[in-house]
Every structure is written in structure tokens, then in C-alpha cells.
Amino acid sequence: MDGAERKRGVRARQEPQAPRSTMKDGKVKKDAVPERVTLKKEIGLLSACTIIIGNIIGSGIFISPKGVLEHSGSVGLALVVWVLGGGIAALGSLCYAELGVTIPKSGGDYSYVTEIFGGLVGFLLLWSAVLIMYPTTLAVIALTFSNYVLQPAFPNCVPPYMATRMLSTTCIIFLTWVNCFSVRLATRIQDIFTVGKLLALGLIIAVGLLQIYKGNYEGLTPQIAFEFYKTPSVGQIALAFLQASFAFSGWNFLNYVTEEVVDPRRNLPRAIYISIPLVTFVYTLTNIAYFSSMSPEELLSSNAVAVTFGEKLLGMFSTIMPISVALSTFGGINGYLFTSSRLCFSGAREGHLPSLLAMIHFKSCTPIPALLVCCTATIVIMCIGETHNLINYVSFINYLSYGVTIAGLLYYRWKKPNLYRPIKVSLLVPVCYLLFWALLLGFSLHSEPVVCGVGLVIMLTGVPVYFLGVHWKDKPKCIYDFIEWATHLGQRVFFVVFPHFDPIEIATPTEWTDKSSITSKASGPV
């Protein structure tokens with residue numbers, strides 16, 4: 001996984017020569033090639049907000065209500081779980097805002113943990129994310145997309161297995177092509193579909209509020225809402241929070257593309273402060289709308305909650321609902337592809353993944369190899385597992401990585417107290433998050449030891465991979481020769497090169513390291 005490190009340092013700094021062609025008058029004309037091949041800063045405040053909102057509002061709000069209600073045992077407790085889930089996400093996002101402006105590198109959790117705890121811990125986080133966490137989340141969203149698109153064609157039965165997989169695969173391949181073609185086009189799609197998904201949820205909320213206005217709110221009164229159809233254990237409540245956390249997952253994804261954000265120290269925290277409260281508000285109202293119109297039994301028996309809601313209340317216009325949800329999940333797939341590919345890119349730049357994944361297209365400046373890896377892993381995962389089990393695996397690993405990262409914030413405060421921090425949250429914020437995190441993971445381990453154990457095993461399988469692929473430097477020459485050959489082949493096939501770093505844009509030691517540090521690691525290993 002070291003890649004062709006012997007030649008990489010030289011190649012990474014060579015300015016690419018633009019292809020030249022001769023015009024009729026004999027003058028030399030340059031093709032449209034950027035002056036520097038590097039990730040473009042094209043994400044403003046609006047796009048930053050749509051990335052967060054678009055990644056959070058994917059399939060979760062259309063899948064998780066069933067799981068949250070099933071584990072919580074009552075409508076009232078389910079609503080409490082949704083509100084507290086948003087509050088916990090807000091606490092976590094405040095911590096990530098500090099980390100994002102203190103360590104201004106793309107890669108999110110992985111980059112912060114690698115910087116704070118070192119290569120092994122960072123690699124384990126990267127390994128679990130690339131192997132299962134993000135491909136699984138993408139697969140769940142894509143399958144939700146295909147189920148909602150096909151549901152009107154199969155009103156009385158579940159859509160065929162092969163049909164859902166083929167449609168999901170087509171969607172993922174198309175959006176991978178879009179992200180490979182242009183960053184600007186991918187962000188525009190994200191902007192448009194985020195507005196679309198907010199309109200879809202707005203329709204659900206409006207219809208639900210209309211039902212409440214008509215007096216159909218008996219199920220929301222405290223006496224009935226907190227009437228338990230089954231008494232949940234503490235472990236079951238923890239699993240309800242895990243289901244809700246899946247719906248809120250994505251609140252940290254802007255941190256994966258920090259280097260592509262315009263003025264990140266200003267726009268990153270602003271986008272977080274705008275997006276998280278908005279999503280929590282929308283989610284709570286959406287669940288209130290569901291419960292105002294559907295009994296717990298109806299919701300638990302539905303495989304497509306929003307479609308059942310539309311069929312019950314919209315009549316002949318009920319087809320609007322599956323179309324709206326499909327558009328919502330389509331935007332979610334685009335957002336996850338955009339951000340998860342940057343995680344692969346950052347991991348390769350640090351030397352933890354093959355160096356080919358750290359390259360970008362010489363014209364479009366998009367990380368094509370990383371995008372293709374994310375696409376392939378998602379298609380493979382898509383044919384494995386059942387949706388709710390996959391959500392439990394992903395939610396556990398998600399929460400584990402969040403806790404390790406926020407614990408790193410506290411350790412970094414102690415390790416480098418003089419570090420320049422444009423944003424510095426109160427210590428109560430990470431401490432409260434970590435207390436909740438420890439309780440949630442502890443009860444989850446007690447209730448679902450197999451699910452949580454599988455998640456831990458997947459993460460720990462990265463230990464031998466790290467020592468063989470990254471830590472072991474004296475590999476046989478034939479291995480290095482093969483890696484170098486494969487890297488050159490990939491460069492010729494995908495027209496990719498290492499990005500170039502402008503020394504002016506790389507943070508200086510006084511900006512994000514304390515006086516005890518001599519050099520900055522912002523440019524990654526060479």
C-alpha cells in the first residue's frame with residue numbers, strides 16, 4: 001500500500017504540461033487544462049449546507065421510523081428518541097466544527113484520528129469505513145431508492161429482488177460518472193435534490209399538520225402516546241437510538257471535503273450551525289405527521305412508510321410520495337459518493353491506501369480512482385445482508401468512530417494546549433457526548449452482542465493489514481515493481497496525476513500547529 005513511493009515525491013511536484021496543438025496560423029494552442037491540477041474550492045456556504053442536509057436526509061427518515069418505534073415500544077418514547085438523537089448530533093457537530101478548523105484537512109474522522117493518535121488507529125477507522133460503513137450506507141440508500149421507484153408497479157407485493165438490485169446499480173453507476181465528470185455538476189445536483197427532499201418532507205409535514213388541525217391527534221396525546229404496547233429494556237432503547245443515529249448519520253460529512261470548501265474556517269461551522277437544527281426540526285415534525293395519520297401497527301407493518309402514508313391520505317395523488325422519496329434518496333446517494341470518495345483520497349494521500357487512489361483527473365480535477373472504488377464496494381455490498389441488520393452494523397461502527405474522534409479532541413487539548421483554535425467549544429460538550437456514547441455502546445453490546453461483535457471484528461481485521469501493507473517497509477522488490485506497474489497502468493487508463501499543492505495554500509505552522517511543532521503535515525506524506 002506504500003505505492004511507488006520512490007518516484008512519487010518527484011512526480012507529485014512536477015507541474016503537468018498542457019497538451020499542445022498547432023493552429024492554422026502556426027501558433028501553439030493549449031487545451032483546456034488547469035494551471036495546477038488540484039482539488040477545486042467550489043463549495044460555498046449554500047453548497048456546504050446542502051451537503052450536510054443532503055447526506056443526513058437520505059433514506060434514514062423513510063426507513064428508521066419503523067426501527068425506532070419497534071425498539072422504543074411507544075409513540076411518545078419514539079418521538080423523544082428522535083429529538084434527543086438530533087441533540088446528540090448537534091453536540092457531536094460542535095466538536096467536529098472545532099476539529100475541522102483546527103486541523104484543516106479533508107478526510108474527516110480519519111484525518112483527525114491519524115493526526116492525534118497516529119497511523120494504526122487512523123487506519124482502523126479508515127479500514128472499517130471503506131470496507132463496510134460507507135459502502136453499506138450507500139447500498140441501503142440505493143435499495144431504498146429502487147424500492148420506492150418500483151413500489152407503484154408492485155402495489156400488492158415486494159418488488160423483485162433482481163429488479164431492485166439492477167435499478168440500484170444503474171443509479172450508482174450513473175452518479176459515479178457524474179462525480180467523475182465534474183465537481184461543479186455534482187454539487188449542483190446536490191443543491192437541487194436537497195431542495196427536492198425538503199419539499200417532499202414538507203409535503204408529509206403539511207398533510208400531517210392538516211390532520212392535526214382536523215382533530216386527528218388522539219395518538220399524540222400523552223396518555224396514548226406513552227402507552228407501551230411492549231415494555232422496552234434499556235438495551236432496546238439503546239438500539240432505538242442506533243436506528244435514529246442512522247437517520248442522522250452524515251452530519252460530519254462536510255469535514256470530509258474541507259479542502260474544497262471556500263473559506264472553511266468561516267463556512268464549515270456556519271453550515272453545521274444552520275443544518276443540524278433544521279434537520280432535527282424537520283425529522284421531529286415528519287414523525288409527528290406519521291403518527292398523526294398512522295397507528296403504530298400500520299407503521300410497523302409497512303416496508304415503505306412514506307408510501308403507506310401517501311396511499312392513506314393523498315388518494316389519487318399518492319404516486320407523488322414514492323417519486324418524492326426516490327428523488328430524496330437519489331440526492332443522498334450523490335452526496336455519499338461525493339464525500340466518501342474523498343475519504344479514500346485522503347487515506348491514499350497519507351500512504352494508508354494504494355497511491356493511485358490519491359490521484360485526480362488532469363482536467364476535471366476529480367478523484368476518479370477513489371470514486372470507482374466506492375462504486376465497486378457498494379455494488380458488492382448491495383447483494384449481501386438485510387436492510388435493518390445492515391443499519392445496526394453501520395450505526396455501531398459509526399458511533400464507535402464518532403466517540404474515538406471526540407475523545408481525540410480532549411486528548412489534543414491536553415497534548416497541545418497552545419494550539420491555535422479558531423473555534424473552541426466548552427469542555428461540557430465533548431464530555432456530555434462521550435458519556436452518552438459510552439452508555440449507548442455499552443447497552444448495545446449487552447443487547448446485540450453478535451451485531452456489535454461483528455462490527456468490532458471487521459474493524460480489528462485491519463490490524464494485520466496495517467502491519468503488512470503500511471508498516472512493513474522492506475517488502476520484496478517484486479511487490480514494489482508490481483505496485484508501480486499497476487499505478488502507471490491506472491494513470492494511463494484514467495488520465496490521473498497526483499494533485500499539486502500551492503505552498504501559499506498549505507497552512508503554516510503558526511496557523512495550525514503549536515510552537516513545539518516544526519513542520520506541518522497538511523500536504524500529506526511524500
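What follows is a short chat about the predicted model shown above.

Visitor: How many helices and strands does the chain have?
Guide: The secondary structure comes to 21 helices and 4 strands. Keep in mind that this is a predicted model.

Visitor: And what share of the residues count as buried?
Guide: Of the 526 residues in the chain, 56% count as buried.

Visitor: What about the surface, how much does the chain expose?
Guide: About 21,800 Å² is exposed, and carbon and sulfur atoms supply 68% of that.

Visitor: Back inside. Which residues of the largest nonpolar core touch the most other members?
Guide: That core has 135 residues, and Phe62, Ile204, Leu254, Tyr283 and Ile333 touch the most other members.

Visitor: Which helix gives the largest share of this core?
Guide: Helix α6, residues 119–150, with 14 residues.

Visitor: You listed Tyr283. What is Tyr283 in contact with?
Guide: Leaving aside neighbours within four places in sequence, Tyr283 is in contact with Ile56, Ile57, Ile61, Trp82, Ala247 and Phe248.

Visitor: What share of the contacts in the chain is between residues 24 or more positions apart?
Guide: Counting contacts with a separation of 6 or more, such pairs account for 81%.

Visitor: New topic. How many disulfides are there?
Guide: The structure holds 0 disulfides.

Visitor: Why is Cys374 not bonded to Cys344?
Guide: Cys344 has the closest cysteine sulfur, but it is 3.9 Å from the sulfur of Cys374, and that is too far for a bond. The cut-off for a disulfide is 2.5 Å.

Visitor: And Cys375, where is its nearest cysteine sulfur?
Guide: In Cys180, 8.4 Å away, and Cys375 is in no disulfide.

Visitor: Is Cys374 buried or exposed?
Guide: Cys374 counts as buried because its relative accessibility is 8%. Cys375 also counts as buried, at 7% relative accessibility. The cut-off for buried is under 20%.

Visitor: Where is Ser168?
Guide: Ser168 is found in helix α7, which covers residues 161–181. Ser168 has 0% relative accessibility, so it counts as buried.

Visitor: What is Ser168 in contact with?
Guide: Apart from neighbours within four places in sequence, Ser168 is in contact with Ala142, Leu143, Ser146 and Met382.

Visitor: One more helix, α13. Which residues there are buried?
Guide: In α13, residues 305–313, the buried ones are Val305, Ala306, Val307, Phe309 and Gly310.

Visitor: Why would residues three or four places apart point the same way?
Guide: An α-helix has 3.6 residues a turn, so residues with that spacing point the same way.

Visitor: What follows α13?
Guide: Gly315 follows α13, and the phi of Gly315 is positive, near 60°.

Conventions: Residues numbered from 1 in each chain as written. Predicted model: local features only at pLDDT ≥ 70, side-chain atom pairs only at ≥ 80, totals over all residues. Heavy atoms only, no water. Buried < 20%, exposed > 50% of the residue type's maximum accessible area, 1.4 Å probe, protein only. Helix = DSSP H or I, 4+ residues; strand = E, 2+ residues; numbered from the N terminus. Contact = heavy atoms within 4.5 Å. Areas by Shrake-Rupley, 256 points an atom, 1.4 Å probe, with all protein chains shown as cover. Core = buried A, V, L, I, M, F, W, Y, C linked by side-chain atoms within 4.5 Å.
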